Amino acid sequence: MTKIEGKKYWADVILRFMSLHQLDQKEMAQRLEVTESTLSGWLNPEGHGISRKNAERIRFVCRDVIAIQ
């Protein structure tokens with residue numbers, strides 16, 4: 001998986017989780033323990049990438065969405 005594919009994958013996981021649990025970006029950022037601007041950057045295709053540490057946090061928080069994919 002390329003870096004761009006990985007970023008798109010994690011953004012999709014986050015967006016699905018937000019939709020499933022009816023969360024806005026502020027609430028999702030709190031769950032992921034990041035700032036709203038960091039989350040916004042992750043969701044923006046032009047934004048910065050997601051570190052391995054943060055990918056693990058997303059994997060943990062969004063595990064229910066990942067399990068049904």
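This briefing describes a pocket, some ring contacts, one helix and a few loop residues in a single structure. The model is a predicted one. Its largest pocket has a volume of about 360 Å³, and the lining of that pocket is made up of 20 residues. Among the helices treated below, α4 spans residues 52–61 and has buried residues on one side and exposed residues on the other.

**The largest pocket**

- Of the 20 residues that line the largest pocket, Lys3, Gly6, Lys7, Trp10 and Ile50 are the ones that lie nearest its centre.
- Three helices, α1 (3–21), α3 (36–43) and α4 (52–61), each contribute at least two residues to the lining of the largest pocket, and the largest share, seven residues, is that of α1.
- Sorted by class, the lining of the largest pocket consists of eight nonpolar residues, six polar residues and six charged residues.

**Aromatic rings and a charge over a ring**

- The count of aromatic pairs in this model comes to one, and the pair is formed by Tyr9 and Trp10, whose ring centres are 4.8 Å apart and whose planes stand at 70°, so that the pair is classed as edge-to-face, for which the planes must be over 60 degrees apart.
- Tyr9 has a relative accessibility of 27% and therefore counts as partly exposed, whereas Trp10, which also lies among the residues nearest the centre of the largest pocket, has a relative accessibility of 9% and counts as buried.
- Elsewhere in the chain, Arg63 places its charged end over the ring of Phe60, at 4.3 Å from the centre of that ring.

**The two sides of helix α4**

- Four residues of α4, namely Asn54, Ala55, Ile58 and Val61, are buried, and because they cover an arc of only 130° around the axis, they are on the same side of α4.
- Arg52, Lys53 and Phe60 are exposed and are found on the other side of α4; Phe60 is also the residue whose ring lies under the charged end of Arg63.
- Arg57 is also in helix α4, and with a relative accessibility of 22% this residue counts as partly exposed, since buried means under 20%.
- Although 56 residues separate Arg57 from Met1 along the chain, the distance between their C-alpha atoms is 19 Å.

**Residues in the loops**

- Most residues other than glycine have a negative phi, and the next two residues are described against that background.
- Gln22, which is placed in the loop between α1 and α2 (25–32), has a positive phi near 50° although this residue is not a glycine, and its relative accessible area of 71% makes Gln22 exposed.
- Glu33, which belongs to the loop between α2 and α3, likewise has a positive phi, of about 60°, without being a glycine, and its relative accessibility of 62% means that Glu33 counts as exposed.
- Glu46 lies in the loop between α3 and α4, where its relative accessible area of 74% makes this residue exposed, the cut-off being over 50%.
- Glu46 and Ile4 are 42 residues apart in sequence, while in space their C-alpha atoms are 9.8 Å apart.

Terms used
Residues numbered from 1 in each chain as written. Predicted model: local features only at pLDDT ≥ 70, side-chain atom pairs only at ≥ 80, totals over all residues. Heavy atoms only, no water. 1 Å grid on protein atoms, 1.4 Å probe; cavity = no way out; pocket = protein on both sides within 12 Å on 5 of 7 lines; lining within 4 Å. Points joined across faces, edges and corners; volume = space filled by probe spheres on them. Nonpolar A, V, L, I, M, F, W, Y, C, P; charged D, E, K, R; others polar. Phe/Tyr/Trp six-rings, centres within 6.5 Å; stacked < 30°, edge-to-face > 60°. Buried < 20%, exposed > 50% of the residue type's maximum accessible area, 1.4 Å probe, protein only. Lys NZ or Arg CZ within 6 Å of the ring centre and 35° of its normal. Arc of directions from axis to C-beta.
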